[in-house]
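Biologist: Could you walk me through the charged pairs and the strand pairing here? I would like to hear the reasoning behind each answer.

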Amino acid sequence: MIETVKNQLPSTDLGLRLLDIDEQFVKRSVPIRLRPLEAFKVLHGSIQDGELRNSLFVPIAAWFIERYGQRAKWNGVVARVPVLIKGQVYLLAVPFITGDSTLKLTDFIEELSPELAASLTPEELTACLQSAMLCTSAVHKLYNASVDDVHFSSEERELLQRALFDLENASTSLKATEDTQGAIFSAHAAAEKFLKIGIKRAGVADDLISHKLPKIFEKLVGLRKTYSWLKSSVNALQNLAPDMNIRYRLVPRSTSEAVSAIYISLNICSVLAQVWLFDFARGSQNSTFIPGRFYVDGRRATFYCDRLHTTTSGDPAAVLISFGGLTEQFMAELVLDQETSSLYLEITDARESAEMKAHFEKLRQRCQTPIDPNEIGMGIHSTPEGSYAGGMMRLRIDEESK
């Protein structure tokens, strides 16, 4: 849901402060479309989504719209990412949404004609949906990090902002110019910046000149082992741009390789961003799965830690039960390494935990018979481009219920 900014101009004092802030933005060449949010962060810092945040943001947005017109209005698009349809690149405009929403994917693919959308085979639509699931989850995590970047140091914040421009340029330039090498270079540059933010967040101040992602990643993992699960993604992206020749010489790369590079970079950057956001929320880098506790991930999906577990390789793990969601029809057991616990946030609020427990117990009473995930078209999908649990489910909709 997109909040509509009403014509509510700020008080004289706030207007003067915004004028001073905007003068600083001009000197820093901050894009006009980003200035209302950046000004909000300067004035109010980090405030959780809700009525208070909206009431504080409206007069700021109104001031910038009064000053710059349509250029200062946000169109509700979090990011644009490429999707391949019948060999052609289209841009998926990922909308800003709150809560659980059911949206028609093809409505958000720009320049996709109704005739082409109707001609997609089930296999083509499934591939498009899978890409959209991965990208949508990633860009929302990155959006959340950009909204709450007041927690970062000024140097880290600058790297984050430049990385987000790299990702934006990778997608839009690939669509506009078909420059596959440029798109891969920009995707590589974004991941490089996020890895370097991780090193700086670990307290290492020296500037890494290297552009070799595995080298930077090795140093990062040496500082915090919990990042190690990103190794396959880092290596895959490095293989697409093994050196800087991709920037200066002809290094043939296909369109599908360029799209894959963007997806891999989105995965690396969004996973790191989510880890840092949960670090801020828990007030510590330390995390662990504890039986009997409830957790949420970056999509606010809910989980219950049922028991501890040891993997076949002897590593500590835990069994989490995923429950709830849009279908409310089933629960799923997941075995996760303890190292991945930094991607999950424990619910510590007593009231929220009690509500989750009541919902969990009610759902568990209905889910007594184990089923094979393949029977309902569900599965775990894991590639360098990201991981998710999902699939295609066919639901019968009666005409009378429409």
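Modeller: Gladly, and please keep in mind that this is a predicted model. Let us begin with E339 and K225, whose side chains meet in a salt bridge.

Biologist: How many residues apart are E339 and K225?

Modeller: The N to O distance in this salt bridge is 3.7 Å, which falls within the 4 Å cut-off. E339 lies in the loop between β7 (332-337) and β8 (345-346), and K225 in the loop between α8 (213-223) and α9 (231-240). The pair links distant parts of the chain, and the separation is 114 residues.

Biologist: Is K225 buried or exposed?

Modeller: Its partner E339 has 27% relative accessibility and counts as partly exposed. For K225 the value is 56%, and the cut-off for the next class is over 50%. K225 therefore counts as exposed.

Biologist: Thanks! Which residue forms a salt bridge with E168?

Modeller: E168 sits in helix α6 (residues 154-177), and its partner is in the loop between α1 (12-28) and α2 (35-44), 135 residues apart. E168 is partly exposed at 31%, and the partner, at 42%, counts as partly exposed too. The closest N and O atoms are 3.0 Å apart, and the partner is R33.

Biologist: Now a pair within one helix: why are D279 and R282 separated by about one helical turn?

Modeller: Their side chains meet in a salt bridge at 3.1 Å, N to O. Both belong to helix α11 (residues 255-282). The separation is about one turn because they are three residues apart.

Biologist: Is D279 buried or exposed?

Modeller: R282 has a relative accessible area of 22% and is partly exposed. D279 comes to 6%, and the cut-off for the lowest class is under 20%. So D279 is buried.

Biologist: Which residues are linked with D22 in a network of salt bridges?

Modeller: A search of the whole structure finds 22 salt bridges. In general, side chains of opposite charge can pair when their charged atoms come close. Linked with D22 in the network are R35 and R67.

Biologist: Let us turn to the strands. Which residue in the turn between β1 and β2 has a positive phi?

Modeller: Strand β1 (residues 77-85) and strand β2 (residues 88-95) run antiparallel, joined by eight bridges. Within this pairing, V83 stands opposite Y90 in β2. The two strands form a hairpin with two residues between them, and the residue with a positive phi, about 55°, is K86.

Notes. Residues numbered from 1 in each chain as written. Predicted model: local features only at pLDDT ≥ 70, side-chain atom pairs only at ≥ 80, totals over all residues. Heavy atoms only, no water. Helix = DSSP H or I, 4+ residues; strand = E, 2+ residues; numbered from the N terminus. Buried < 20%, exposed > 50% of the residue type's maximum accessible area, 1.4 Å probe, protein only. Pairing = 2+ DSSP bridges.
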